[in-house]
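Okay, thanks for coming, everyone. Let me put the model up, and then I'll walk through some aromatic contacts and the packing around them.

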Amino acid sequence: MQADGETSPSAKPVRSVRPDQSPLDDREYLTFSLSSNGLRVVLVRDAEADRAAACMSVGVGHLSDPPEYPGLAHFCEHMCFLGSDKYPDEGEYREFLSQHGGFANAFTATEETDFGFEVSPEHLLAALDRFAHCFLHPLFAESAVMREVMAVDSEHKMNLHSDAHRVFQLHKSLVQPAHPYSNFGTGCRETLLGDLGEEGQDETARDAACARLRAALWTFHERYYGADNMVLCVFFTGQHSLQQMSDTVVQLFGDVRRARDPHPEAAYDQLPLYAAPAPSAAASSADGIYTCPLGCRFFVEPVKEVRDLQLTFPIPPQRHLYRSKPCKYLAHLIGHEAAGSLLAALKQRAWATALSAGPSHEVSGAALFEVNVALTEAGLAAVDQVVDMVYAYVQMLQRYVDGEAADRPDLPEYIYTEMQTLGEMHFRYRDKDASAFHAAITLASSARHFTAEHLLSGPFLLYERPSRVQLAQLLACLQPDKGIQLLAVKGALSLCRSEARKTVRRGTERWYGTEYAVETHAVPTSRAYATFTDELHLPRPNRFLPRVFDLKAPPPPATPSDSELQPTRLVDDEPHGRVLHHCLDTSFRLPKAIAVFRWEHPLAYDTPRHAVLTKLAVAAIDDALMHTAYDAELAGLTYSIVPTATGLTVTVQGFSDSLPRFTEHVFRAAVNAAGDDDPAAVERSAPDTGQRLFAANVDRLRRSLLNASLKPPYQQVVYQTRVALQQPHWHALYDYVPLLGAENGKGGRDVAGDIVPVTLAEMQMFRAQLFQAAPPESVCLEALLHGNVDAAEARTLYDRCAALLGLTALDAVHGDTAVPSRRRQRCRQVQLPPAPSCTQITFSLPNPEEVNSAVGVYWQTGVCDPEEEVLLDLVSDILDKPVFHELRTVQQLGYVVSSFAYSLHGVQGWWVIVQSSTLRSPWPVAERIMQLLPQLSRERFGMVGTADGPSAFPDAHLNAESLGAYIAALIDRKRERDRNLTERCMRWWSEIDRGTFVYARRERELQILEGMLHAERAPTGEAVARAEALQAVRHFWAERIQHHSGILQVLAVPPGVEAPAEIPPDTIRRAWRCAADVRAWQAQMPAYPPEPEMAQPATCTRHRHPSRSDHIV
């Protein structure tokens, strides 16, 4: 072994390849392997990037767990980065990243485990050194074993009520036991330590179990964690060349040892997932699960209100066929949504609301293909016919492939040509990754499945046409006797009690407690195809494919700053409800554009009933657009219509050549207007189609609202806090569900008298009012057109959409950047009572089996000026890791611990959220969070209360030097440029939507931060500037958070947990059980003014002394 910093003399890059890349991709790529140990490396150099990242993909996952330790691969992921020989401190790696604006994350899959981080570019090499040593010499400290076992156990408990995890594990349990796909991958305390009884009762037995687990961990790591079983991707900026980074990788990773077993998949890649069919349908294996589940239907009891039909088929491995992608070809056709598609036929009968198809999971030697159908109530009653229709579509495809349809030997040429064109288009013009971290993770994983030359293009391009043999082989797998039907629906087990069905067995999956029943089902005959012949056909040629890809203006030579590139207003006629912002932006060199429209209307949200009708109107518009929107999506055009508290937001984005036509098409559908495309045709296709679609939409909305109350408790805390803070805000469960015909009790309603559910006629009348019936002075269409679209095109498109809404076109006002008058509807944030008063809102979790509690504590700092907003960001960064370490690592309250700065409608605050599986009662959790504040004051900020107020400890963690690191990291984050058109557009739209129009907000914040670090105008220089900054941070913490903030606690209470009788001093406890409780809270609470009406302080250029009393309150 070489001394630290040295490398084996044989370590050098070999087999260097530069992948094929898009001509518009300005990054540099290089792939190679290390001669010393076989480590595969992908380097990505992006001269315009602001962040650096790395990912190590290790080619082993939970399929390689030893039988005696289910979850060991996942546990190994938890332990790997808790100290190394060179950096023994368990928290040093994450603390280093946090101090330099970075973070780390990891995940364990079936056949790989990925570790990644992101950091400021100037600290990449130091981060890589820490990263490498965790693979060279991890410690696997004894002190961390029990703690991380409990973290794994908390993670498992958090997922106990996740239907996705439950169904996935049930599917895995149906695989023959000899195949490791059946493994329980997450693991838990029981699988890792065995049955130790109540925690802590026998410390000797526990310590012995931990020692055995640690020994097994070392064995697992030495066997599989070797360089020849790893792929490293490093994403870096223009600070280094490819050669320099290549040398660094050789130096840091050249001595990572080889694995004892670099091919763990060899143990199972010849095993089939499912055993040969049993001679009797009732034959079962030793554990009671059928030896072969193919051809059977499983009825599954879900946690949420769903009606999901899932058809799963084992198919041959597909990854090596990426050149022709036959599986993607069939998924494209079966999952299509245009006229003649499977989904279109199902929706015509109101049997389904959504459908997806494609490969789901693939492991070495085996793969699965899934067809998922979201059923309506009518579809559930006709589930056998729904299944028949799926197989009818497959039969239709087989007729083409077998050459029986119109004497064609294969599917029509235009389908392949379109898919090839779409693949080339999306590869050539794709946006950059959302982050350096995402790019590193994606490329490290992709390098396992594509050749080096096709690393970038492989996921997109069709290099060759799939053969008839490949297609026929796949279609032969999609047969009734070769698939598994899984029907997840509330009350599923009762569906098996009919005498017409032959129930074979009922059971409960071991790890998640999922109840299910199994039955055989009749195999559809060939007559099923004849039944649906007139409705099913192949998709027509896509009319939304763009033809022109020219840029309307040459891209600027460098990325413009926020102050250089900003929207201007082409139309500024707010009194008549017309405002248009525009920016021609080709800086990303892509022929794409984005159109965002905000349609403000007083009826959209003025009552809960109208809010529900708005949601149902949007669902009707989506139905009308379904046939054409899917073609548009394939051609790179997407749209969304989102109800808001002031109306609707319509967003359309994609290739600029076809965006104007599709945008107008969306608005025509919204106002139910006929045109050349006739988007309203779906609603008029049959006399009762509208009523059936409406009933399906009501049902889907009701179930989605009920399901929201079954989300993880911490997510429910986030939602309830938003309800508590925002005015206006109706409550989904208390206000909306009763209007949708929910069963008594499910909506938690307490309204006296009968509630009349909404009707189709009412929705249609409301929809007409929502889009055309209001006078212009009460509505407003405000839009932003951004990207490869010039001013004339933007004005034309806006005028056409406005005309459809009944707004009259007036003369444009060009180049005006003044802030328009603020008369529009705005939301506001509730003003909490100041400390020491604390408001505590509690609500009950409706899931009777929920084992987790959750608490959110929000410290409202009020309206902050620009400098105070920066100080809040700094405080949040400084406390991020200490809060996580104390509440999750030390106190082990639960798997979910988060703290962050929060801004809503111009009012700021700091939020701590904990979901606990350790303490079912949320009140002790809330108490521990509150107790954390004085601890943070002492240990992090060096503050202690005195008669004269807070004073500083000399031993505080935070000093001028360490604060400088946090400031520098925050500066790096603020300097991050927009990575793509969408990111920039959404940043600008946020300013427009808030009514603030501070497009150069980042530059303003950077001026403040740089003044804290340097203060060029300060005569005493940098030291004084940092000392003043430290004083300001401490003052902000003490005055705006710890002592004088309004405090709101929101507690999610599990079933059966009673509130303690004793209420803490200065605490006001409120229980939310119904809409009246929410209304009472909202009625009595004062609110801050709307954000545009708040005073806007002048931009600061350097730090100000904290004693100045100019804070806005």
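Let's start with phenylalanine 427, which has a relative accessible area of 11%, so it's buried. Buried here is under 20% relative accessible area, exposed is over 50%, and partly exposed is in between, with a 1.4 Å probe and protein chains only.

Quick housekeeping. This is a predicted model, so local features need pLDDT of at least 70 and side-chain atom pairs count only at pLDDT 80 or more, while totals for chains, interfaces and linings use all residues. Residues are numbered from 1 along each chain as its sequence is written, and side-chain values use heavy atoms, with hydrogens and water left out.

So how many aromatic pairs does the structure hold? There are 36 of them. Phenylalanine 427 pairs with phenylalanine 460: the ring centres are 5.9 Å apart and the planes are at 40°, so we call that one tilted. The two sit in distant parts of the chain, 33 residues apart, with phenylalanine 427 in helix H13 (413-428) and phenylalanine 460 in the loop between H14 (436-446) and H15 (468-477). The rule for rings of Phe, Tyr and Trp (its six-membered ring) is centres within 6.5 Å, with planes under 30 degrees apart counted as stacked, over 60 as edge-to-face and the rest as tilted. Helices (H or I, at least four residues) and strands (E, at least two) are DSSP runs, numbered from the N terminus. As for phenylalanine 460, that residue is partly exposed, at 24%.

Next pair: tyrosine 858 and tyrosine 902 are edge-to-face, 5.9 Å centre to centre with 90° between the planes. This pair also links distant parts of the chain, 44 residues apart, going from strand E24 (853-862) to strand E25 (896-904). Both tyrosines, 858 and 902, are buried.

Those two strands lead us to a sheet. E25-E26-E24-E29-E23-E30 is the order of this open, six-stranded sheet, with mixed pairing. Two strands pair if DSSP finds at least two bridges between them. On the edges we have E25 and E30 (1067-1072), each pairing on one side only. Ignoring direction, neighbouring strands are turned by 15° against each other on average. Helix H24 (866-890) packs on the sheet, touching E24, E25 and E26 (907-916), and its direction makes about 165° with that of E25. Contact means heavy atoms within 4.5 Å, and axes are lines fitted to C-alpha atoms, for helices over the stretch in contact, with angles from 0 to 180 degrees between N-to-C directions. Helix H30 (1075-1084) lies across E23 (838-844), E29 and E30, at about 140° to E30. Inside the sheet, E24 and E29 (1046-1053) run antiparallel, joined by seven bridges.

Now over to the first strands. Why is E2 (28-34) called largely enclosed by the rest of the structure? Because six of its seven residues are buried. E2 is joined to E1 (13-17) by three bridges, antiparallel, with proline 13 opposite leucine 34. On to E3 (40-45): six bridges join E2 to E3, also running antiparallel, and glutamate 28 faces arginine 45 there. The hairpin of E2 and E3 has five residues between the strands, and glycine 38 takes a positive phi near 80°.

Questions?
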